[in-house]
Amino acid sequence: MAQYDNAGKQDVQVERLLEWLRDAHAMEAQAESMLTKQAGRIEHYPDLKARIEQHITETQNQARLIEGCLQRYDASYSGIKDLGGKMVAFGQAMGGMLVNDEVVKGVQAGYVFEHLEIASYKILIAAAEAVGDMQTRDICERILQEEIAMATWLDDYMGRLTQEYLARSAAPDVEAKR
Ligand code: MG
Ligand code: FE
């Protein structure tokens, strides 16, 4: 970075940071609605349901923290207008719900989504550092740890879930899908 003369370019960089923060805010809103829908449908996988419910609380707090970062630049910022459209493609990928293996598909999609979040916060951390916004950097660093913890939990759980799902599927008069 030192090889560039950045004098007068800060505005461009801050603008980009703010855009990425708005994207992150929309991503968290998407995460909240996705996780809420998921948790609401799970009946026979209590560990998964409990972990998702914990992450819903974390996700709501993350959205507030990101909103706070944006409001330090623009006190009138409101996240409401960022919520449309951004994550439509991912929402479509989640359309696999309501199929016979929805709990397995849900964990698969959740794992992908957490990694999208991990990548987003790593990018935000680097960008915040580049413009000298250490408060935003620290907040994103904290959020990143929650996303990594959720991804790691899903990673550990996935195999167990698959086998439990298969065992339930093979048992007579036992529901497996949710
Ligand atoms: Mg999140
Ligand atoms: Fe997350």
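Let me start with glutamine 62 and glutamate 147: both are buried. This is a predicted model, so please hear every value that follows as computed from that model. For glutamate 147 the relative accessibility is 0%, which is why it counts as buried, the cut-off being under 20%.

Both residues serve the magnesium ion, ligand 1. Its protein donors are Glu28, which appears with two OE entries, then Gln62 through OE1, Glu117 through OE and Glu147 through OE. These donors lie 1.9 to 2.4 Å from the magnesium ion. Written along the sequence, the spacing of the donor residues is E-x33-Q-x54-E-x29-E. Glutamine 62 sits in helix H2 and glutamate 147 in helix H5, so this pair ties together parts of the chain that are 85 residues apart in sequence.

Now the second metal. Which residues donate to the iron ion, ligand 2? They are His55 through NE2, and Glu114, Glu117 and Glu147, each through OE. The distances here run from 2.0 to 2.3 Å. Along the chain, the iron donors follow H-x58-E-x2-E-x29-E. Within that set, glutamate 117 belongs to helix H4, residues 102-130, and glutamate 147 to helix H5, so to speak two distant parts of the chain, 30 residues apart, linked by the pair.

What about the geometry at the iron ion? The four donor atoms subtend angles of 79 to 161 degrees, and the arrangement is therefore irregular. For a tetrahedral label, all angles would have to lie between 85 and 135 degrees, and a range of 79 to 161 degrees does not fit in there.

How far apart are the two metals? The iron ion and the magnesium ion are separated by 3.1 Å, and glutamate 117 coordinates both. In other words, glutamate 117 is a bridge between ligand 1 and ligand 2. Glutamate 117 has a relative accessible area of 0%, so it is buried.

Next, the fold around these sites. The protein has five helices and zero strands, and read along the sequence the pattern is α-α-α-α-α. Of the 178 residues in the protein, 38% are buried.

On helix packing, a word on description. Two packed helices are described by the angle between their axes and the distance between the axes. I have three pairs to show.

The first pair on my list is H4 and H5. Their axes are 8 Å apart and they pack at an angle of about 160 degrees. H4 is therefore roughly antiparallel to H5, given that angles over 145 degrees count as such. The crossing is left-handed. By residue type, the contact of H4 with H5 divides into 21 nonpolar, three polar and eight charged residues.

Then H1, residues 10-41, against H2. These axes come within 9 Å and cross at roughly 160 degrees, which makes H1 roughly antiparallel to H2. H1 and H2 also have a left-handed crossing. Their contact holds 12 nonpolar, eight polar and six charged residues.

The remaining pair is H2, residues 46-71, with H5. Here the axes come within 11 Å, with a crossing of roughly 165 degrees. H2 and H5 are therefore roughly antiparallel to each other. H2 passes H5 in a left-handed crossing. The residues of this contact are 13 nonpolar, three polar and seven charged.

Two single residues before I stop. Glycine 110 is placed in helix H4. Is glycine 110 buried or exposed? Its relative accessible area is 9%, so glycine 110 is buried. The C-alpha atom of glycine 110 is 9.6 Å from that of glutamine 38, and the two residues are 72 apart along the chain.

The other residue is aspartate 173, in the segment after helix H5, residues 134-170. Aspartate 173 is not a glycine, yet its phi is positive, about 60 degrees. Its relative accessibility is 85%, so aspartate 173 counts as exposed, the cut-off being over 50%.

To go back to the metals once more: the item to look at in the viewer is glutamate 117, which bridges the magnesium ion and the iron ion across 3.1 Å.

Key: Residues numbered from 1 in each chain as written. Chains lettered and ligands numbered in written order. Predicted model: local features only at pLDDT ≥ 70, side-chain atom pairs only at ≥ 80, totals over all residues. Heavy atoms only, no water. Helix = DSSP H or I, 4+ residues; strand = E, 2+ residues; numbered from the N terminus. Buried < 20%, exposed > 50% of the residue type's maximum accessible area, 1.4 Å probe, protein only. Donors = N, O, S within 2.8 Å, 3.2 Å for Na, K, Ca; no water. Tetrahedral: all angles 85-135°; square planar, octahedral: opposite > 155°, others 65-115°. Axes fitted to C-alpha atoms, helices over the stretch in contact; angles between N-to-C directions. Parallel < 35°, antiparallel > 145°, perpendicular 65-115°, else oblique. Left-handed = near helix turned anticlockwise from the far one by under 90°. Nonpolar A, V, L, I, M, F, W, Y, C, P; charged D, E, K, R; others polar.
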